[in-house]
Structure formats: C-alpha cells, structure tokens
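Colleague: I have a model open in front of me and would like to learn how to read it. Could you walk me through it?

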Amino acid sequence: MSIIVKEVTKVYGSQKALDNVSVSISKGEIVALLGPNGAGKSTMMKIISCYLPQNEGDVRVCGHNVITDSLKVRKVVGYLPENNPLYLDMYVREYLEFIAGIHKLGRQSAARVKEMILQTGLEREHHKKIGALSKGYRQRVGIAQALIHDPEVLILDEPTSGLDPNQLIEIRNLIRDIGREKTILLSTHIMQEVEAVCDRVIIINRGKIVADAPTHELQLLNQANRVIRVEFQKAAQWELLKTIPGVMEVQNEKANIVRIFAGSTQDLRAAVFEFAVKNQWVILSMMYEDQSVEQVFRQLTIES
Ligand code: ADP
Ligand code: MG
C-alpha cells in the first residue's frame, strides 16, 4: 500500500474536520478525493504530507509513519498545496533549483530541474519570472516542484481549480501522464475531472467518507433509483405509466420522451414495453440512464 489512513480524526478547536476516517491507496492508483467545500479534503492531504499532525489514528506512506518518521515520508511524497503558493519574483528555473536544494539533491539538481522542465512542458517558460506566467503554467511549476525529488506518491490539492478549459485539459493530461508511474491522490469538486482522470473516487462530506469505489462502479452505486429513458413516437397520457407496479415517478423530458424512475433495483423495461404495446404506444428507444458521478455526488453530499 502506498497510503494507509487508519481511523484518523482531526479537530480544529471544537470542530471535527476529519471524523474517524480510514482509507488505503495502492501503488499506482489515481484516486480522487471529492467533496464540497469544508469537507476535510485539504486537512486529509496535509496530514498525509506531514504538514499537519492528526489528533487520533495512524497514517503511513510507503510504510513510514507520518508522525514518527516524517523525514522519510517527505522523501516519498510530493505535495501541491491548495492555491499553489509560489514565489512570484523568482524565475522558474531558479525556483526549481531552490526546491531541489531543499530536497538536498546535490549534484543531481541540475539534471532533475531540466527533466522537470521537460516533463511539465515548461521549456518555453523556464527563463520567465513565475509572476509573469499564466495560471496554467504556474500549475505546471507547482507540479514540477512536487515531483522534483521523484517521489512515489503525489498529493495534489485542487490542481485544476481556476484554470480555463484549455489549461484544464492540459493539466489533466499531464496528471494522467504522471499517473502512469506514480500513486496520485488529488482533490477536486469538479465531477468531470474524476471521470476523466481517476480510477477511483472517495467522496468525503463533513469529515466522513460517504463513498469509496472505482469510478465506473460509483456510477452504478445508486441503483435503487434507476432511471429508464423512453422515447415514444408521439405524446400520450404518461401519467398512466405510474400504474405499472414498481414505477415510482414519471417525468416528461419532451412531449414524447419520458424518464421513468424505479423504486427498486427491479428491471422495469419488459413491463414498460408490455404496457406500451397494450396502449398502442410506439417505442422508438428505451435505455437505462447512466448515473453520472455528479448525480451520485449530489445524492450523497447534499444538505438535508
Ligand atoms: P476542504 O479542503 O474539503 O474544503 P478543509 O480540510 O480545508 O476542507 O476544512 C475542513 C473543515 O475544517 C472546514 O470546516 C474548515 O473551516 C475547517 N478548518 C480547516 N482549517 C482550519 C484551521 N486552520 N482552523 C480552524 N478550522 C479549520
Ligand atoms: Mg481544500
């Protein structure tokens, strides 16, 4: 296991930011920590990166304990903090050399800086001051500094927040590339990001984990509310569909398109088909709607 978080609680004053959280992440996984603002994402990432001690529980990164072996943990972890704090007055190359110095890379420094500049696509920007870079390029610098000591585990706290759509895609591609060789835990509140980049999603809400599943499974997690979308040839009395046993709700999407909500995991397609035949309604198409990660996320985290 690259990361093991066991029964971790973190309290700020009287507020519990993490409440008995347990998570294990295997080597090579790209995992999203998804949650609304204030859920505890940054707190968990700071604890894993040794920037903040937990109050209770045990955290290990590549086998090293974050409290008793923090120097070893820092060697195997690269961390991009939220809002990517950088020295805007430093030149890109100068900054990366400075970070290489902090990691005591010694004679390897120059080669690593060069490699990072290439890997993160900073060739044309490395002679510029960080303050002169666009947000997307600043993120690249942030990722480069997190990777410079070649850590096995990368912790990225909202790496794509505030980027424009083109930058977003570029940074996602970069993360996916890096993920071929590293274990990555990234936080986000952008659902499409999870679907685009991550193997697995951990949803956190108010300091508690409310879901932890492979991305494709999460889309099916809420099968109790399966939805069938049916396109008919023309409009009809859709209310009648509610008389089919098992149908909980019927919504009109267009005059001739309805969404039928099942109250259980029961497959209602055959019953809907027979009902339509009986009423001489011609069906043009009928299929299950994919529950997107976004829908599941809203169901699991929405304030009640
Ligand atoms: P997220 O990154 O998911 O938005 P955080 O981990 O930053 O959530 O915060 C979790 C909770 O802990 C929030 O309610 C936040 O207000 C609180 N919190 C975070 N940092 C501090 C701090 N330094 N002092 C007091 N409360 C904090
Ligand atoms: Mg945060």
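**One helix and what covers it**

Modeller: Happy to! Keep in mind that this is a predicted model. A good start is helix α10 (residues 293-301), whose buried residues are Val-293, Val-296, Phe-297 and Thr-301.

Colleague: Why do these residues lie on the same side of α10?

Modeller: Look at the directions in which they leave the helix axis. They cover an arc of only 110° around the axis, so they share one side of α10.

Colleague: And what covers the buried residues of α10?

Modeller: Several elements do, including β3 (30-34), β9 (200-205) and α8 (215-218).

Colleague: Let's take β3. Which way do its residues point?

Modeller: In β3, Ile-30, Ala-32 and Leu-34 point one way, while Val-31 and Leu-33 point the other way. Both sets are buried, and five of the five residues of β3 are thus accounted for as buried.

Colleague: Which strands pair with β3?

Modeller: One is β8 (residues 183-188), parallel to β3 over five bridges; there, Ile-30 stands opposite Ile-184. Another is β9, also parallel and joined to β3 by four bridges. Here Ala-32 has Val-201 as its bridge partner.

Colleague: Now a charged side chain: is Arg-112 buried or exposed?

Modeller: Compare its relative accessibility with the 20% cut-off for buried residues. Arg-112, in helix α4 (residues 109-119), counts as buried because its relative accessibility is 12%.

Colleague: What lies around Arg-112?

Modeller: Leaving out residues up to four places away in sequence, Arg-112 touches Leu-105, Leu-147, Ile-148 and Asp-150. A polar atom of the Arg-112 side chain lies 2.8 Å from the backbone oxygen of Ile-148.

Methods
Residues numbered from 1 in each chain as written. Chains lettered and ligands numbered in written order. Predicted model: local features only at pLDDT ≥ 70, side-chain atom pairs only at ≥ 80, totals over all residues. Heavy atoms only, no water. Helix = DSSP H or I, 4+ residues; strand = E, 2+ residues; numbered from the N terminus. Buried < 20%, exposed > 50% of the residue type's maximum accessible area, 1.4 Å probe, protein only. Polar contact = N/O pair within 3.5 Å; in protein donor to acceptor, adjacent residues only side chain to side chain. Contact = heavy atoms within 4.5 Å. Arc of directions from axis to C-beta. Pairing = 2+ DSSP bridges.
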